[in-house]
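The following exercises concern a predicted model. Each one sets a task and then works through a solution step by step.

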Amino acid sequence: MTREERIERLYEAVKERILILDGAMGTMIQRHKLDEAGYRGERFKDFDRDLKGNNDLLVLTQPDIIRDIHSAYMEAGADIVETNTFNAQSISQADYGLEDLAYEMNVAAAKLAREAADAWEAKTPDRPRYVAGAIGPTNRTASISPDVNNPGFRNVDFDTLVEAYSTQVRGLIDGGADLILIETVFDTLNAKAAGFAVEEVFDEKGVHLPVMISGTITDLSGRNLSGQTPEAFWYSMRHLRPFSIGFNCSFGAEQLRPSVDEISHVTDTYVSIYPNAGLPNEMGEYDETPEQMAALLEDWAENGLINIVGGCCGTTPDHIRAIAKAVAPYKPRVVPQVEHALRLSGLEPFVHG
């Protein structure tokens, strides 16, 4: 099946049922307890910086581990798997001195996910499996100063973000991604730079893939780090005409529910949600069981709030399996017809007309 054929099937499937996204990549990588040598592999055994913790590098040094994680999530019921590229752009990779490998990492990551997806498509030809090219927020923010003594200071600008994201998107497309996922958006300006880069690369390559956008709520006030409410965030990103918008990471499903409810009623596209398995405990681990998380997300499905659902930090194939079973009886959220009006976004939305 070609990418174009899969995308056509995607638009059909999302109208028929709630689609299942995968769970956490980092949680599964941690289970392998890789040491410094494990991260380095043979290629980087003499590299002059520590590489342990650079999960994105594993697509080059431990490809079998990453491919098997993708496969485990699809076995659990995932329709869409995310590439292992959350930090695979030059800005984040500069911490390891590997910024020049950003394009290669993204190509390799998309190919690994595509290989796993193709294997599952062969087993279930009536059910295509999709690869979402994951684009994280970077470790810098364009809207907020990292220096409390200098509010006007920025350690990154819009053009630098666009350049980094453009290289990443090229790699994901060339590696075979079916969708582009701009995720864990804590700063809307960073996401705007990512969206601008995506549109530029689409024009450059003459392709147009579905774009998913997923923000993250940073505190119980229901706002992202740059201060926007869910509705204002949607109005800031609506110009990209995304396939879906929603939230990931943040808190557990219980605390994220108000934000999901808000955005599901104002957006005229599909809603995707993948929360953490609760809040981290004192040891930084996540305690929400698959059954607990599935019960909470089943309520969202029953109330018609979601079109795509999965898990973020702390979730495993067992979580995804339980979630897929819990939401299966329910119809996907019906995309509302939103009346034409002037809709502006500051920290809060403004609607006129």
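**Exercise 1.** Locate Thr138, state the sign of its phi, and decide whether Thr138 is buried or exposed.

*Solution.* Step 1: Thr138 belongs to the loop between β3 (130-135) and α8 (158-175). Step 2: its phi is near 70°, a positive value in a residue other than glycine. Step 3: this sign deserves a remark, since most residues other than glycine have a negative phi. Step 4: the relative accessible area of Thr138 is 6%; buried means under 20%, so Thr138 is buried.

**Exercise 2.** Carry out the same analysis for Lys33: where is Lys33 placed, and is it buried or exposed?

*Solution.* Step 1: Lys33 sits in the loop between α2 and α3 (36-40). Step 2: although Lys33 is not a glycine, its phi is positive, at about 50°. Step 3: with a relative accessible area of 73%, and with exposed defined as over 50%, Lys33 is exposed.

**Exercise 3.** Characterise the aromatic pair of Phe243 and Tyr270, and explain which parts of the chain the pair ties together.

*Solution.* Step 1: a pair of aromatic rings is described by the distance of the centres and the angle of the planes. Step 2: for Phe243 and Tyr270 these values are 5.4 Å centre to centre and 55° between the planes, which makes the pair tilted. Step 3: Phe243 lies in the loop between α10 (230-237) and β6, whereas Tyr270 lies in strand β7 (residues 270-275); the pair therefore ties together parts that are 27 residues apart in sequence. Step 4: both Phe243 and Tyr270 are buried. Step 5: ring pairs also bring in Tyr11, which forms a cluster with Phe243 and Tyr270. The count of aromatic pairs comes to five.

**Exercise 4.** Describe the largest pocket by volume, lining and residue class.

*Solution.* Step 1: the space in the largest pocket is about 640 Å³. Step 2: 28 residues line it, and the closest to its centre are Ala24, Met25, Gly26, Thr27 and Cys313. Step 3: at least two lining residues come from each of α2 (25-30), β4 (179-185) and β6 (244-249); α2 gives the most, with five residues. Step 4: the classes are 14 polar, nine nonpolar and five charged residues.

**Exercise 5.** Repeat the description for the second largest pocket: which helix gives the most to its lining?

*Solution.* Step 1: the second largest pocket holds about 190 Å³ of space. Step 2: among its 13 lining residues, Arg17, Ile18, Ile20, Ala324 and Ala328 are the closest to its centre. Step 3: helix α13 (residues 317-327) gives the most, with four residues. Step 4: the lining comprises seven nonpolar, one polar and five charged residues.

**Exercise 6.** How many cavities of 30 Å³ or more does a search of the whole structure find, and what lines the largest cavity?

*Solution.* Step 1: the search finds three. Step 2: the largest cavity holds about 50 Å³ of space. Step 3: its lining includes Ile135, Gly136, Pro137 and Tyr165, and β4 and α9 (188-205) each supply at least two residues. Step 4: eight lining residues are nonpolar, two polar and two charged. Step 5: the second largest cavity has a volume of about 30 Å³, and its lining has five nonpolar, five polar and no charged residues. Step 6: Val185 appears in the lining of the largest cavity and in that of the second largest cavity.

How values were computed: Residues are numbered from 1 along each chain as its sequence is written. This is a predicted model: local features need pLDDT of at least 70, side-chain atom pairs count only at pLDDT 80 or more; totals for chains, interfaces and linings use all residues. Side-chain values use heavy atoms; hydrogens and water are left out. On a 1 Å grid over the protein atoms alone, a cavity is a set of points where a 1.4 Å probe fits but cannot get out, and a pocket is an open set with protein on both sides within 12 Å along at least five of seven lines; lining residues have an atom within 4 Å of a point. Grid points are joined across faces, edges and corners, and a volume is the space filled by probe spheres set on the points. Ala, Val, Leu, Ile, Met, Phe, Trp, Tyr, Cys and Pro count as nonpolar, Asp, Glu, Lys and Arg as charged, and the others, Gly among them, as polar. Rings of Phe, Tyr and Trp (its six-membered ring) pair if their centres lie within 6.5 Å; planes under 30 degrees apart count as stacked, over 60 as edge-to-face and the rest as tilted. Buried means under 20% relative accessible area, exposed over 50%, partly exposed in between (1.4 Å probe, protein chains only).
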